[in-house]
Amino acid sequence: MADQPIDQVNLVVESISSGMAVDVCSLYLANTEGEMLLLASRGLAAGSVRRVKIPAGKGLVGLVASSRHPVNLANAESHPSFYYVAETQEEHFHSFCGVPLVHTGKVIGVLVVQGRDVRQFSDEEQGFLVTLAAHLALLLANSPLATGEVANRNGRVSGIRGAPGIGIGYCRLCDHGELYAVANAPCDNVSKSLDDWHALLAAVRLEVQTEQAAIAGKLSDGVASIFSAYTMLLSDPSFIGHVEKNIRDGNWLPGALRHATQHFAELFRAMDDPYLQARHEDIHHLGNKLYNSWRGIQGADLPADRRIVLVGNQVSVSEIAAVPAGMLEGIVCLEGSSLSHTAVIANALGVPAVMGTGPIRHLANDSLLVVDGNNAQVMLNPDATVLAEYQKLEDDQRFLMKRLEQIREAPAITLDGTELTLYTNTGLLADISPGLVNGAQGVGLYRTEIPFMIRNSFPSEDEQVAVYQQVLAAYEGKPVHMRTLDIGGDKQLPYFPVENEENPALGWRGIRFTLDNSQLLMTQVRAMIRAGEDLDNLRILLPMISSTGELDDFCELLTDAVAQLQAEGYRVKRPALGVMVEVPAAISQIPFWAEKIDFISIGSNDLSQYLLALDRNNPRVAARYDHVHPAVLLEIQRILQMARLHRIPVSLCGEMASDPVAVVLLMGLGLRTLSMSATKIPRIKWLIRSLRLDTAEQLSEGAMTCMYPADIRLRVEAALQEAGLEDLFNRNTRGTPA
Ligand code: PEP
Ligand code: MG
C-alpha cells in the first residue's frame, strides 16, 4: 500500500511510465528558492532521485516552469536551453515532453517524460500529460512533500497560528491511542459490555474532574471550565445511547466507541461554521481518552524540571493538564485549527501554539523545538544563532505580557477619549467564562446551534431554557445577543438533514429554514424569553435576513410567543430584536427596518463571502479572501451611515472584529461595538487604547481610496508600527491574561 506521500508519487510516476510506454517519467518539485528537486523518477539513474536539483530557470525543466507551457521536443540536446546533469545519465534519451504543475497560479513542479527515440510526443500524449499534471498539482499542493517535508530540510515547518508567543522546549510526543484504527468485532456478552461502558464513563468523568482541578490552579477562574465540554459530552444521552445501541447491535465496546466518536466528530467536521467545525477535535480527544482508559493506559509522568513542547496529531486538554506547572513552553498540533479548544486553552494559558503543520520528519521525544506562535512556525533542532535570537524574543514578550495584564480591567478607550464596547462571541456553555475573564462587556453573538447539534432529536423547550439560562445568568447586567438557530446548508442536524441542494450557501439556511419550521422557531424563542425572565439582558438576533417579509413574519411570531408566555403566567416582556447584516441585500433595506428593529450586527464573515462570492473555507479560493477589501469596507461604511441616520445601534461580530488592521479601519469609519472570541479581547483593547481616533479616521479615509486589499493592509500596518504596536501583533503575548 502506498501510504506515505512519497510512495504515492513513486506509484504515479511508475504508472505513467508504463501506461504511456515511455523510457523515463520524472517529477520535479519546486522549492522556495525556485530550484527544481528531482522528487521521483522511473528511468533516470536511481542515485539522482531526491539529490539532483536544477537551478531556477535552468534547462528544459526551467523553461517549462518559467513559460508555464508544455515543451515537447524530438531531440532535447539540440535545444538551446538543454542543461546536462551528469548524475541522471539522461544522455541516452532524446525525446522530451515536460508540462508544468500549477497550483493557485504558481508553478510548483514539472512532470517530464523522455524516450530513447528521436520523435515528438503526439498531441494526445501531451494532452494526457497536461491532464495528469493538473490532478497531480492538486495532490501535491496539499501534501507534506510540497510543504512540510521540503521545509523540514532546514528545520522549519509552517502551520496555522493557534496562540501567539515564542516558546523553547523539548518535544514530548502525545500518544492518542488509535481509536480510529479499531475494527468492529463481535460482542461476546452484551450486558457485560454495557456495564463496562457505564463503568468506563464513570472512570473517565472522574479523570476529567481531577485534570480540571489540576489545571484550574494554572488558569484564572473559568477557562478551565472548557473541561465542562468534555463532561457534557460524557453525560450526553445521545453519545452514550449511540454506543449502547451499537453494542446491542453486536459490536464490541471499542468498536462501538469508535463508531459513536466518528459519527459525532464527522457531524461537526462537516459543518460550515469554522467554530463548530473545530468542535470535532473535542469529540476525537474524548473518544481517545475513553479508549486509552479502556486499555488501562495512563499518561506518562513528566519530569518536573524540563521545559516541554507537546506535539501530536492533536493535543488534548488532558495532556496539557498533565504538564508540571510552569513547564509547558509550546503546543504543536499536526492537525487541527486555530478554533480548537486546544488553541483556546493555549491562548488562555499564554502558551504559544502552532496548528495544522502536517507531518514533521525526524521528530522524536526530547528534540529541541522553538514554537513561534506569532508566525505559525516550528523550528526543529535550531542552531545556536537561531536559538539566541528566539531567546531574546521570548524575553521581550514576557515584558509585554505584564503590560497587557495591567489593562485587563481598563476600558477600551482611545488616546483621545472615545470609548468602544467589546463583547465576546460564544457557542458552547464551556466558553462562557473566558469572555468574562477577559473583560467582555456582554455577549455579542451566542450561536445556539450546538445544543441542537449534539442530540438525536430537537431539544425540548425546557432543555433549551436550562442552557440559555446559564448564559444569561453568567452575564447578568450585561447584554446577551442570542441568535436563532442558524442551520441549513452545510450545517446539518443529524436528525433533520437538508439535502440535495445544488448551492447550499444560497439555500434553505438560517431564518429561511426556521420560518419554514415555525414550530421549532416558536419553541426556541419561547425558551429564550423564559430563560431571560427576571434577567432583562436577552436580545434576539436573526441570521441571514434578506427581506422585510422575513422580518415581519418573525415579529409576528415574537409577539405571539410573548403573549403565550404572559398568558401562562410568566413575568416576561418582549426582548430587544436585531438582525445580522450578512446578506448584501440587507444593506439597502436598513431604512425600511428602522422601525422594526432595535439594533443590527454586521456578520462580516458571511457578508464578505457573499459580497466577494468567495467561500473562505474552500481551500481553492481561500487565499483570495480578505475582508479588508474595498468592496467590503465601502459596504460597511454604507451600513454605518444608514444606521447613524436612523439611530440604530450597530455592532460587528465576524472575524474582522479581531483583525487589528480591520479594527483600526472600523473605528475610523465610526463603529463603536465589536464582538470577538474571548481571547482576542485584551489585544484589541490594547490596540484601541494605543491609538487616537483621529489617526484611525485618517487611515480609513485613506483606505477608501485604495483599490488593492494588500495596499490597505500595508498602510495600516505601517501606521501601527509607527505607533509602536508591532510588538503586540508580531511578537508577543505569551502569557496573555486569561
Ligand atoms: C458572520 O457571518 O460574520 C457571523 C458572525 O456568523 P457565522 O460566522 O456564525 O455565520
Ligand atoms: Mg453568518
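**Chatting about ligand 1, some rings and a helix**

Modeller: Let's start at ligand 1: among the 12 residues around it, the nearest are Arg 447, Arg 483, Gly 603, Asn 605 and Asp 606. Keep in mind that this is a predicted model.

Biologist: OK, and which element gives the largest share of the shell around ligand 1?

Modeller: That's α21, with 3 residues. Both α21 (604–612) and β17 (443–447) supply at least two residues of that shell.

Biologist: Where does an oxygen atom of ligand 1 lie relative to a backbone N or O atom of Asn 605?

Modeller: The two are 2.7 Å apart. Asp 606 also has a polar backbone atom 3.0 Å from an oxygen atom of the ligand. With Glu 582 it's a polar side-chain atom instead, lying 3.0 Å from a ligand oxygen.

Biologist: And how much of ligand 1 does the protein bury?

Modeller: 95% of the 290 Å² that the ligand exposes when taken alone.

Biologist: New topic: rings. How many aromatic pairs are there in the whole structure?

Modeller: A search turns up 5 of them. In one, Trp 197 and Phe 239 have ring centres 6.2 Å apart and planes at 70°, so we call the pair edge-to-face; the cut-off for that is over 60 degrees.

Biologist: Where in the chain are Trp 197 and Phe 239?

Modeller: In distant parts: Trp 197 belongs to helix α5 (residues 190–216) and Phe 239 to helix α7 (residues 237–248), with their positions 42 residues apart. Trp 197 is buried at 0% relative accessible area, and Phe 239 is buried too, at 3%. Together with Phe 264, they make one aromatic cluster.

Biologist: What about Trp 508 and Phe 513?

Modeller: Their ring centres are 5.0 Å apart and their planes sit at 70°, so that's edge-to-face as well. Phe 513 is buried, at 0%, whereas Trp 508 is partly exposed, at 29%.

Biologist: Which ring does the charged end of Arg 306 sit over?

Modeller: The ring of Tyr 170, at 3.9 Å from its centre. Arg 539 does something like that with Phe 599, its charged end being 5.7 Å from the ring centre.

Biologist: Last one: how far apart are the end C-alpha atoms of helix α22?

Modeller: 22 Å, which agrees with the span expected for its 16 residues (630–645) at 1.5 Å a residue.

Biologist: Which residues in α22 are buried?

Modeller: Among them are Val 632, Leu 633, Ile 636, Ile 639, Leu 640 and Ala 643. An α-helix has 3.6 residues a turn, so residues three or four places apart point the same way. After α22 comes Arg 647, with a positive phi near 55°.

Note on methods:
Residues are numbered from 1 along each chain as its sequence is written. Chains are lettered from A and ligands numbered from 1 in the order in which they are written. This is a predicted model: local features need pLDDT of at least 70, side-chain atom pairs count only at pLDDT 80 or more; totals for chains, interfaces and linings use all residues. Side-chain values use heavy atoms; hydrogens and water are left out. Rings of Phe, Tyr and Trp (its six-membered ring) pair if their centres lie within 6.5 Å; planes under 30 degrees apart count as stacked, over 60 as edge-to-face and the rest as tilted. Helices (H or I, at least four residues) and strands (E, at least two) are DSSP runs, numbered from the N terminus. Buried means under 20% relative accessible area, exposed over 50%, partly exposed in between (1.4 Å probe, protein chains only). A charge sits over a ring if NZ of Lys or CZ of Arg is within 6 Å of the ring centre and within 35 degrees of the ring normal. The expected span of a helix is 1.5 Å times one less than its number of residues. A residue is near a molecule or strand if one of its heavy atoms lies within 4 Å of it. A polar contact is a pair of N or O atoms within 3.5 Å; within protein, one must be able to donate a hydrogen and the other to accept it, and residues adjacent in sequence count only if both atoms are side-chain atoms. Accessible areas come from the Shrake-Rupley method with a 1.4 Å probe; for residues, only the protein chains shown count as cover.
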